[in-house]
Amino acid sequence: MRMGINKLYKKVACSSLVALSLLGAGAVGITGVLSNPTNVEAQSLDYEIGSDQGPVTVGIYVNVDGQQKEVWTQHIVWARNVGDIATQDAPLVDGHIATPSKISFQKTETGYKLLQVPTYTKSGADASVAAKNATTQVFYENVTVKNKNGSYCPIVAFSKTTGVISNVTNRALLNNTVWYSDKIKTYDGAKYYRVATNEWVKDTYFAGAESGGNIGPQ
């Protein structure tokens with residue numbers, strides 16, 4: 001399953017890092033922050049995207065732990081006609097659960113209207129909650145990894161019986177190495193790319209991909 005892989009075998013200490021929200025892999029179209037809403041608690045928000053009405057990844061503003069935070073849609077938003085609705089998973093926030101878990105955008109004459117503003121609550125210390133809500137997608141991609149705060153990227157494993165995450169302490173990935181990944185797991189508000197049978201690297205360390213990915217349910 002591995003292609004051109006270099007691996008660092010070394011004991012490492014893992015630390016908790018804030019995950020970066022990833023845009024849809026292989027997305028084609030506009031990428032950019034849209035209008036900054038003045039009230040993130042509004043029931044619906046309008047975003048103007050200018051003259052190009054094609055697919056977009058949308059940056060929205062939400063409340064996380066009492067503070068305003070910019071988050072991005074996980075995939076491109078695309079609705080063909082005015083009035084059409086596009087629905088997708090709510091943006092991820094590391095260590096938090098989104099309510100609702102799905103959000104919808106309605107195509108308007110000037111852009112898109114967000115129909116549900118998600119709220120985020122901490123998932124808490126009960127690891128079974130995150131394991132229960134974890135999802136896995138098929139994902140075929142050569143992924144480059146990089147740790148901006150160190151020379152290697154830590155990896156994790158997931159229990160085959162409980163689904164709970166654990167740190168792999170005797171192996172890690174060297175910076176700027178390319179790994180073939182065939183699955184993405186969404187767990188506790190972050191994404192993890194599978195690089196071996198039960199070895200996964202967090203999206204915090206995602207540094208790019210070599211070709212368009214093929215994402216879909218497992």
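Q: How do the residues lining the largest pocket divide into nonpolar, polar and charged?
A: This is a predicted model. The largest pocket holds about 590 Å³ of space. Its lining has 3 charged residues and 11 nonpolar ones, and the polar residues number 12.

Q: Which residues lie closest to the centre of the largest pocket?
A: The lining has 26 residues. Strands S5, S6, S10 and S13 and helix H1 each give two or more of them. Closest to the centre are Asp89, Leu92, Ser101, Asn133 and Thr186.

Q: Which strand supplies the largest share of the largest nonpolar core?
A: This core has 18 residues, and those with the most contacts inside it are Ile60, Val62, Val77, Phe105 and Tyr120. Strands S3 (56–64), S7 (102–107) and S8 (111–114) each supply at least two residues. The largest share is 5 residues, and it comes from S3.

Q: How many residues are in the second, separate core?
A: Val143, Cys153, Ala157 and Tyr205 are among its members. In soluble globular proteins, nonpolar side chains tend to be buried together. The second core has 14 residues.

Q: Which residue stands opposite tyrosine 152?
A: Strand S11 spans residues 152–158, and strand S12 spans 165–174. The two run antiparallel, joined by 7 bridges. Across from tyrosine 152, in S12, stands leucine 174.

Q: Which residue in the turn between S11 and S12 has a positive phi?
A: S11 and S12 form a hairpin, with 6 residues between them. In that turn, a phi of about 80 degrees belongs to glycine 163.

Definitions and conventions:
Residues are numbered from 1 along each chain as its sequence is written. This is a predicted model: local features need pLDDT of at least 70, side-chain atom pairs count only at pLDDT 80 or more; totals for chains, interfaces and linings use all residues. Side-chain values use heavy atoms; hydrogens and water are left out. Two strands pair if DSSP finds at least two bridges between them. Helices (H or I, at least four residues) and strands (E, at least two) are DSSP runs, numbered from the N terminus. On a 1 Å grid over the protein atoms alone, a cavity is a set of points where a 1.4 Å probe fits but cannot get out, and a pocket is an open set with protein on both sides within 12 Å along at least five of seven lines; lining residues have an atom within 4 Å of a point. Grid points are joined across faces, edges and corners, and a volume is the space filled by probe spheres set on the points. Ala, Val, Leu, Ile, Met, Phe, Trp, Tyr, Cys and Pro count as nonpolar, Asp, Glu, Lys and Arg as charged, and the others, Gly among them, as polar. A nonpolar core is a set of buried Ala, Val, Leu, Ile, Met, Phe, Trp, Tyr and Cys residues joined through side-chain atoms within 4.5 Å. Buried means under 20% relative accessible area, exposed over 50%, partly exposed in between (1.4 Å probe, protein chains only).
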